[in-house]
Amino acid sequence: MRVRVLRERCIGAGQCMRAAPEIFGSDESGGVRVESDAPVGDSEAEVLLAVQLCPVQAVLVADG
Amino acid sequence: MNDTPRSGDETVRFPMARTCPFHPPPAYEELRRRSPAVRAAYVEDTPLWLITRHRGALQLLCDSRLSTDPRRVGHPFAAMAAHGRQRAGQFIDMDPPEHDYYRKILISEFGYRRARELRPVIERTAHEVLDEFAADGAADLVGQFGYPFSTRVICHLLGVPAEDSAYFHDCTREMIDSFYDSEKLPLARQKLFDYLDSLVGRSERNPSTDTLIGRLAARQRRTGRPDHDSLVGVVFLLLTAGHQTVANMLSLGTYSLLRHPEQLARVRADPGLWPTAIEELLRFHSIVDWVGFDRVATEEIAVGEHTIAAGEGVFVLGASANRDPEAFLDPDVLDIHRDARRHLAFGFGVHQCIGGNIARVELEVGYRALFDALPGLTVAAELDDSCFRYEARTFGMSRFPVRWQP
């Protein structure tokens with residue numbers, strides 16, 4: 001699984017950082033930054049939840 | 001096919017009041033079963049649509065064909081829309097792209113990281129407020145804890161001087177109480193505007209980066225935006241949205257936990273459970289319902305077998321969506337162990353509550369500090385209807401008498 005975020009869409013809701021704290025972190029302005037773009041194990045399920053919880057659909061995943 | 005009321009059909013009248021502190025208006029269940037979109041008559045017989053289910057609510061709150069701008073014809077709150085100077089900066093009533101500028105410049109103030117940084121200040125504030133009455137053995141948690149705590153946090157956050165917090169609290173109260181009064185509302189609004197106008201003006205002349213207002217004033221010097229009226233509007237919005245909601249959740253959530261002592265004992269024994277418990281309390285109480293999810297269609301939108309026409313108003317019933325059995329098993333049961341994170345207590349889409357990160361910290365800190373500081377906390381008396389704000393646009397408590405062993 002590969003994770004990508006659309007930073008220009010992010011509104012800072014924090015849902016991804018709460019759902020998958022190892023994968024999503026804050027950039028210098030407080031918006032989202034992907035800390036690790038290839039989650040494994042439990043983190044994969046957390047990322048899929050983050051995709052659902054993001055209110056502006058800024059979290060994207062792809063196979064690979 | 002639209003289910004416009006036929007002769008003999010009973011028209012669904014809206015809004016509906018709650019009749020129990022722990023549940024949405026009883027008619028929601030039937031409406032939700034009937035259809036994902038129900039036609040209703042709002043005050044003065046304005047026809048509009050109620051969105052009743054979780055799935056439809058998620059979809060519509062992300063649908064760019066719905067506008068939050070109350071100046072648009074057909075918007076449910078069109079009669080109360082702010083115009084001119086009073087509209088500036090009120091990004092809750094703006095659509096993208098105008099809206100997005102404000103959300104972007106506020107991420108650093110309300111994002112996840114900022115909320116974590118604020119935790120120590122929020123903890124200090126909670127203890128400060130509790131210290132004022134912890135030795136008394138009895139208190140009204142609404143007036144002595146919920147409001148002072150949430151008001152002081154938001155004032156600190158924005159840079160409203162502590163000595164002005166009572167004045168600002170009275171102003172917001174007046175505004176909220178005159179929601180349906182088209183004569184009083186603009187006057188109450190003006191009073192708070194005048195206060196913030198001068199507060200922001202002082203900050204613009206001498207921006208201090210210690211406060212949110214100061215940082216926005218500094219940004220204005222650097223970039224020319226947000227201009228004075230917009231800055232006043234932003235602060236107005238953040239102040240009025242940010243404290244009553246937290247205060248209401250603090251007292252209602254405490255009341256719920258006291259009624260479920262086994263769940264309270266679990267979360268107190270394992271504080272790591274608080275975040276999960278808080279999501280469930282937010283879902284269960286859903287204190288901000290339709291009033292936060294007011295929209296008007298700018299184009300035709302199909303919902304199930306119904307069609308919302310352009311220019312028709314919409315209320316998404318967040319409190320109904322949060323009790324949708326398709327989304328939450330046994331939705332009418334409070335269960336702090338369930339995963340309630342898909343709730344809509346903060347809304348969804350670009351307008352999702354900007355204060356969600358900070359509110360979660362305030363609630364966790366508030367509940368924990370409260371139960372720690374007031375051992376053996378119990379409800380002091382039978383709570384009658386006067387303790388609950390059934391008619392208020394944001395549900396909450398007006399009084400919450402409690403006792404403990406100091």
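How many positive and negative side chains does chain B have, and how far apart do the centres of the two sets lie? In this predicted model, chain B carries 48 positive and 57 negative side chains. The centres of these two sets sit 4 Å apart.

Let's look at the build of chain B next. Its secondary structure adds up to 14 helices and 10 strands. Measured out along the principal axes, the box filled by its C-alpha atoms is roughly 65 × 55 × 35 Å. Is that what a compact globule would give? For 406 residues, a compact globule would have a radius of gyration near 22 Å, and the 21 Å of chain B agrees with that.

Now for the inside and the outside. Of the 406 residues in chain B, 57% count as buried. The chain exposes about 17300 Å², and 50% of this comes from carbon and sulfur atoms. As for who touches whom, take the contacts in chain B between residues at least 6 apart in sequence: 70% of them join residues at least 24 apart.

Chain B also holds an open sheet of 5 strands, with mixed pairing and the order β1-β2-β8-β5-β3. Strands β1 (37-42) and β3 (66-67) of chain B stand at the edges, and each has a single partner strand, so one side of each is left without a neighbour in the sheet. For β3(B), the strand next door is β5 of chain B, residues 294-297; the two run antiparallel and are joined by 2 bridges. Zooming in on that pair, B:Leu66 has B:Ala297 in β5(B) as its bridge partner.

On to chain A, which has 2 helices and 4 strands. Read from the N terminus, its elements go β-α-β-β-α-β. With 64 residues, the globule rule gives 11 Å, and the radius of gyration of chain A is close to this at 10 Å, so the chain is as compact as a globular protein of that length. Its C-alpha atoms fill a box of roughly 30 × 20 × 20 Å along the principal axes.

The same kinds of tallies can be run here. In chain A, 52% of the 64 residues count as buried. Its accessible surface comes to about 3100 Å², with 49% belonging to carbon and sulfur atoms. Among chain A contacts between residues at least 6 apart in sequence, 58% join residues at least 24 apart. Finally, back to charge: chain A has 6 positive and 10 negative charges, and their mean positions are 7 Å apart.

Key:
Residues numbered from 1 in each chain as written. Chains lettered and ligands numbered in written order. Predicted model: local features only at pLDDT ≥ 70, side-chain atom pairs only at ≥ 80, totals over all residues. Heavy atoms only, no water. Rg over C-alpha atoms; globule rule 2.2 N^0.38 Å. Buried < 20%, exposed > 50% of the residue type's maximum accessible area, 1.4 Å probe, protein only. Contact = heavy atoms within 4.5 Å. Areas by Shrake-Rupley, 256 points an atom, 1.4 Å probe, with all protein chains shown as cover. Lys, Arg positive; Asp, Glu negative; His and termini not counted. Charge placed at Lys NZ, Arg CZ, Asp CG, Glu CD. Pairing = 2+ DSSP bridges.
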